[in-house]
Amino acid sequence: LVFVSEELRRTWGGGGGSVVPNGVDAGIFRPGDQQAARRRLDLPLSAKVVMFGGVPSVHTKNYPLFQEALALIRTRVPDVVELPLTGTSPPPVVADSLVASDVLLFTSKRGTEGSPTVVKEALSCATPVVTVDVGDVAQWVTPNRGTVVKWGEESVVAHRLADGALTWFGQARPEVPSRGFAFEKDEFTRRMLSLLLTAGRG
């Protein structure tokens, strides 16, 4: 059995199986010119842009928590712009959206994620990530690349998410993880081939 996160392996693998996080195409999801990306997406050039890490209509992505956090951000930055995923945009447009954003805000419900792709796409684009503690995000969102908010009362979580976003508004974009990180597409492919070859020899 192959799982995309250690949490899923522990929950469903009975202690067995292997963990191979799903991959990201670093040829598409990479740092870029924020102003150029905003022009392509017809976004304000000087506003702060917060990307929602999901499609608002998808219940598990917890859009109400995002809205609560965004409302708190607006008390400090009134002209902040919300940028949600559509679920139908091709990867280059998603990459442009991440490059155009000042931060990705990820609010999925507890227990609903394994290894969320959009979080790793954001990191690959050098976009800071502020996220609740779901799936394997804590493995990738290190303190120099974003903020992981622990669970608690939802109103407290919303305040922590807002504070995290506001903190990253004033900082330079983080460094992209070095080549060879497990979430890159080529590393994902290498690991899967290795597992298949091992299974074949067994």
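Contact means heavy atoms within 4.5 Å. Helices (H or I, at least four residues) and strands (E, at least two) are DSSP runs, numbered from the N terminus. The model is predicted: local features need pLDDT of at least 70, side-chain atom pairs count only at pLDDT 80 or more, and totals for chains, interfaces and linings use all residues. Residues are numbered from 1 along each chain as its sequence is written, and side-chain values use heavy atoms, with hydrogens and water left out.

**Exercise 1.** Determine which residues of helix 2 and helix 4 meet, and describe the packing.

Solution.
1. From helix 2, Gln 34, Ala 37, Arg 38, Arg 40 and Leu 41 meet Val 93, Asp 96, Ser 97, Val 99 and Ala 100 of helix 4.
2. By class, this contact has 5 nonpolar, 2 polar and 3 charged residues (Ala, Val, Leu, Ile, Met, Phe, Trp, Tyr, Cys and Pro count as nonpolar, Asp, Glu, Lys and Arg as charged, the others, Gly among them, as polar).
3. Helix 2 and helix 4 (residues 91-100) pack at about 125 degrees, their axes 8 Å apart (axes are lines fitted to C-alpha atoms, for helices over the stretch in contact, and angles run from 0 to 180 degrees between N-to-C directions).

**Exercise 2.** Locate Pro 44 and state its exposure.

Solution.
1. Pro 44 lies in the loop between helix 2 (34-41) and strand 3 (49-52).
2. Its relative accessible area is 38%, so Pro 44 is partly exposed (buried is under 20%, exposed over 50%, partly exposed in between, with a 1.4 Å probe and protein chains only).
3. Not counting residues up to four places away in sequence, Pro 44 touches Arg 38 and Val 81.
4. Pro 44 and Asp 79, 35 residues apart in sequence, are 9.9 Å apart in space, C-alpha to C-alpha.
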